[in-house]
Amino acid sequence: MLVLAIGGSFIPTRACKLPPQFIKLLKRSSASSNGIEHVICLGNMNASVATLKFLKDISSNLHLVKGEEDDIGILTQQLSELKGEETVIPLYNVISVDKLKIGFTSGIQTAPKNDPLVLSTIARDLDVDILLWGGLHKIEAYTMDGKFFVNPGSASGAFTFELPEYELDDEKTSKTQDSNSIDEKPPHATDEASTTDDVSHSESGGSNEKNDLEDHSENNFSSNNTSDSLDDTKTPKRPNVVASTSKEDPEPNVVEYEESLDFERIYADTENVPSFCILDVQGTTCDLYIYTCLEGNVKVDKVVYQK
Amino acid sequence: MADKVASALNGIHQQSSLMQQCLADGNLMQALKHVSNFLNELRTSSVTPKQYYEIYMAAFDQLEIVSSYLASQPSGNHQRPFLDSLYELVQYAANIIPRLYLMMVVGTTYMQQPKAPVTDLMKDLIEMCKGVQHPIRGLFLRYYLSQRTKNLLPISTDEEFRATIDFLVSNFIEMNKLWVRLQHQGHSSEREQRIRERNELKILVGSQLVRISQVIDEYQGDSYSAIGYYRDRVFPIITQQIVACRDVLAQTYLIDVLIQIFPEEFHFATLDGFLAVMLQVHPNLNKSELVNGLVARFVKYQQDKAEKKQREEEEELTAQENETKEEETSEDAKKESQKDEKKQKETQDKETQENETPGESTEEVKSEEKDDKKSEEKEDKSDDHTEVKAEDKTTSNADKDHKTHDGAEAKATDTDEANDKPNASENEAKVEESSAKDEAPKPNEDTKPNVDDSESDKDKTDQQSQVTDSQKDQDAAASPKGDLSASLAQLSLTDDLSSQLFAVFWDFYLQLFESDPEMPASEHSQFLAAIIQISLAFDVDHEQHRENMAKVYEFSGKHLEAGQSVDILVAPLAFMQSPADLKNSQYQRTLFDQLDIPGQRRVAHAIISRLLTVEAPFQSTEEIDGVFQYLSVLICEQPEQTTSVDLGLTTTVKINDQDIPQSFLDTQEQLCKILHLIKPPGTPIDTVSALQYTRRMWLNKSKQNIVFTYPTLVETILYHLQVFGFALKRVPQKRRSPTHIATLKNQFKQVSVVLNELYMAHPERSYEILQLYLHAATVADNVGFSDASFEYINQALVLYEEQLSMGSTDNYYASASPHDALGGSSASYMSVIALVNSVGIKRSYDKDAYVELAAKVTHYGSRLLRKQDQCRAIYTSAHLWWWTDDYGFEGELFQDGKRVLECLQKSLRVADSCMDPYLSLKLFIEILNRSIIFALYGAPVDVPYINGLLSLIRTNITELEADKLNSANADTEAVLFHISKRIFSRTCEYIVQQQDDGRLVGVMV
């Protein structure tokens, strides 16, 4: 059974439209026989009825949760109108698909956002196997404590006010050792997410050089398969490695800048890759297909989660 | 009436079974007698066209049996073939209708045989048909002839081809006369009914033109040019007939058919003649629709040509592939152009509320099968109702025509005809559909490639006029066989024609304007819009185009009524490539100002949708002004309180107790999207300045609406500022330009001004504005502008205290269950959480400033109204005191274990003070989970502390379980209690899991 997980499109505040490639892709899959059963939107629809209708047309089982920019009053009325029934848009929801329970929330009702331990607590509270959360602009997917955590990123590639990866990496180069790192480290993801051969997908196991306590392995999705370089620079306190943008330069500091500032490069570096996920749930197994749209080409990665 | 059909069908059935018996016995003469008998049923005048069609089809099927029998007979001796004698024999049939049908079935069967005198037979048959002058009988008789001869018409020699064309043209002319004459049968009060009947029958006439176009294309003779032949021999005769019939329905339908069935090259060749015809047609004709149909084809043709050329260049090497592709593309193009035309016509219909809908007739000729019956019905109905007015005026003229052409038989049956009853409209579509199936007229799909081939072969030999040559360069390009040099030579000729097109149409329009002062204003604007399209599509030279446009606009300003120029303003937008195209358009602006508000909105919407399609960025403030002068009508639009809104007919959304139409919100969304296109060349600061300029000059014109556009504006500005800041950050600190720093600082202040303006105008949107302040603070912090960031947070805190702190309980989630940690709560609670999220990731502040903010936010949490909100806000605030993520921060992370413990203790006290013991338990478990997080992150939340919590929870559970025995009915509580216990047991499992990995050792699970 297929479940579409789509993150904030931020239309019109931060983007104008979904990539036409995605629209084509999703429209077709809706027409085929083994179509998408559920559509889960993780907030930040921004009351764009056209986008809402597009999602509704993929599957009438459209589940929305409120994101930080959603005007819940307007959105509820629009969704109710579209579905032809009174609809409530909650802050979180849980659906059962085959033998798995999927919880989803945009995460605005808790703090700190995106903290893996907080997310783990949410998953425990909701008693779900898979937790989808929103608000990020880059794909994240990892297995921790036997549960599967997925953030599908933004389907429109909307811009963000999060610090871009390279900013974190920049600083990291100067910080070789962090005294707190071992004690602070949260319990890490186990390696239950297995990889498959037929799709391009890179795995980095036990890559954290400072972490010899745990058997720590993660699945690391990068749109250009350059995740190896990332592993060296990633922060030890974030067990989940975020998918990188392709143009990332691991050593931007080396370049000498004169008075003229290189804006084009920053625009390119801070550009977000549009993405969404499709979860194929069979029994207690979930195949996660990650769709990214880089320079007009749609790329698919696959990760498997087994309860 | 139905009885008549039933009895007729019954008769046919009976006679035909007798006929088949005779045929089986080999008794041909007796069989023909039965045939003649059932053909007598077609002599009826007392049925409607639709019913006549049913009878006709039944007879048709039986005649096919006769035909195949005859074809299977031995051909007789050489001197006198069997069918030849039979052809003569059947002419002795007593009545004209059976006689002619019999002649046709024998004659056309004869034509299939080798060495048959085909052309003589054709001439004879077409001549004999004149004997039937009753409209319906005559139309069907001639239609039968055309169906039977469909694949038999000879075109192998020039002579035969001419005979075939003569045959078809003459059949068309006569059918058209019969069709027009039908209008004048019977009493004048039945005019409406006549029009309906004629609409049902028009496909019969139109199909003749389709046949002509097919034959013209198929013929492959030497030194033959399809275009030339059409222009010189076919077009004049046909159009002469069309003009002469002086009938609105016939003219509208047939001209539309002509436009649709022949390729564009043919129309180029006959353009002068065509426009001349348009000046002579009936004054009530909707000429603009017809001319627009032609213009749409020209425009599409020109665009395809450009695309094709481009593709040609790309695919030069693969000639073979090329050939197939061209065919495909030309077909596609046709289909698309059809679609376009339909669309255009639909919109025109709506706009102008005109009488006729030729679009429908086009559909019938081309794709009847696909058409939805219902929609067609509707169209037909509207046709009929509206046509009457037009028809009124023509009657007197046409009556004379009718008399001169009327044959003896028609006169004799006039009275019969008057008895005809109205036809059921639900059946109309059927007639058209089924006749279309027999016809299968799809001229456009198969004709064009043929034309290309035949034409390119003749490139060298044919000396055509300049006009005719226009199509050749395209042919040569399309077909790899084409002579390259020849096509190059003709390229210039084509350009010549292109540049003349505007002048040709313009002269035509001016003549029309003179000759027809009565023409409705809506038609004028349609014409002018079409002419603008021509100019845009064909005038590569922009100077020329500008002159043309000025001409058109000047003329429109002078002669058109105010408010009629929407189409004229919308038409050029289809060609707009960038916002720059709207600059310096003084005539346009003048016209626009004359429009009423709804008209202006329509133009503005068209501008927006075009801009979003081309996605070309705004380059300068002039361009912004150029576009936004038109958009300001939307910026200042107030949601209308129309009757339909009041009655709930329009989709509306309630905002602040006001019903806002969804269309209004859509408009504001579109405006926001336009803001993303504002990106002049230069630095991000230039973009921000342009956005601020747009705000000052245009967006803030309506304080009411800034609530819809400012969030997008602010976020876009923040994004560009962030890019600028990141770029600045990459420069080593010492080399950063002070001007750059000052600029950025100033821009951050500007953002604050914008947010303040928004807040002042819309204090009711405090929660959303709070988010914007927090975004601004994050961006400033990201780029290291701690002062600005701190200031934004402070403003957010002020906003919180002024608007949100008092826990406006009307928040959407305020009614969530208190037990639900994730369900949300009052706006004040949600705001505090947002503040924790934002403040917690700030890394650029110095320590004192950060502690001050963190303390304030923690304090806000403790002052929330509801206990559960307080408790959750406080334990969440604990994260403010224990950084776990550096977010690019260099140096030791701020971690204050004492404050973390204080927070946890305090939340525990709040939880304990809850009056609801089940809620207390739930909160204890939540605090336990938080404590585990802090323990895992290394905060001094030690094992004894967690053990204490565990035993507290266990004690509570035991007590509640004891309680529960006493209160058996407490269902809700039982459920909540159960849920809490489940969460607790999952938490314990989690702890065990962690202990397996060597963490949380010593916790007593």
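Buried area is the accessible area (1.4 Å probe) that two parts lose on being put together, summed over both. Keep that in mind as you open this predicted model.

**Stop one: the whole interface.** Select chains A and B together. Between them they bury about 7,300 Å², with 54% of it on carbon and sulfur atoms. Now colour R730(B), L822(B) and Y937(B): these residues supply 12% of the area that chain B buries against chain A, more than any other three residues. If you show contacts, you should find 85 residues of chain B touching 80 residues of chain A.

**Stop two: the charged and polar links.** Seven salt bridges run between chain B and chain A. To see a salt bridge up close, select E715(B) and R14(A), whose side chains meet at 2.6 Å, N to O. Polar contacts between the two chains add up to 27 residue pairs, both residues at pLDDT 80 or more.

**Stop three: the elements of chain B.** Several elements give two or more residues to the side that touches chain A, among them β1 (652-655), α31 (662-675), α41 (917-936) and α43 (971-996) of chain B. Then select α33(B), which brings the largest share of that side, 15 residues. Colour this side of chain B by class and you get 33 nonpolar, 30 polar and 22 charged residues.

**Last stop: a loop in chain B.** Go to N286(B), in the loop between α13 (271-280) and α14 (287-314) of chain B. Is N286(B) buried or exposed? Its relative accessible area is 2%, so N286(B) is buried. Show side chains here, and a polar contact of 3.2 Å appears between N286(B) and E289(B).

Notes: Residues numbered from 1 in each chain as written. Chains lettered and ligands numbered in written order. Predicted model: local features only at pLDDT ≥ 70, side-chain atom pairs only at ≥ 80, totals over all residues. Heavy atoms only, no water. Contact = heavy atoms within 4.5 Å. Salt bridge = Lys/Arg side-chain N within 4 Å of Asp/Glu carboxyl O. Polar contact = N/O pair within 3.5 Å; in protein donor to acceptor, adjacent residues only side chain to side chain. Helix = DSSP H or I, 4+ residues; strand = E, 2+ residues; numbered from the N terminus. Nonpolar A, V, L, I, M, F, W, Y, C, P; charged D, E, K, R; others polar. Buried < 20%, exposed > 50% of the residue type's maximum accessible area, 1.4 Å probe, protein only.
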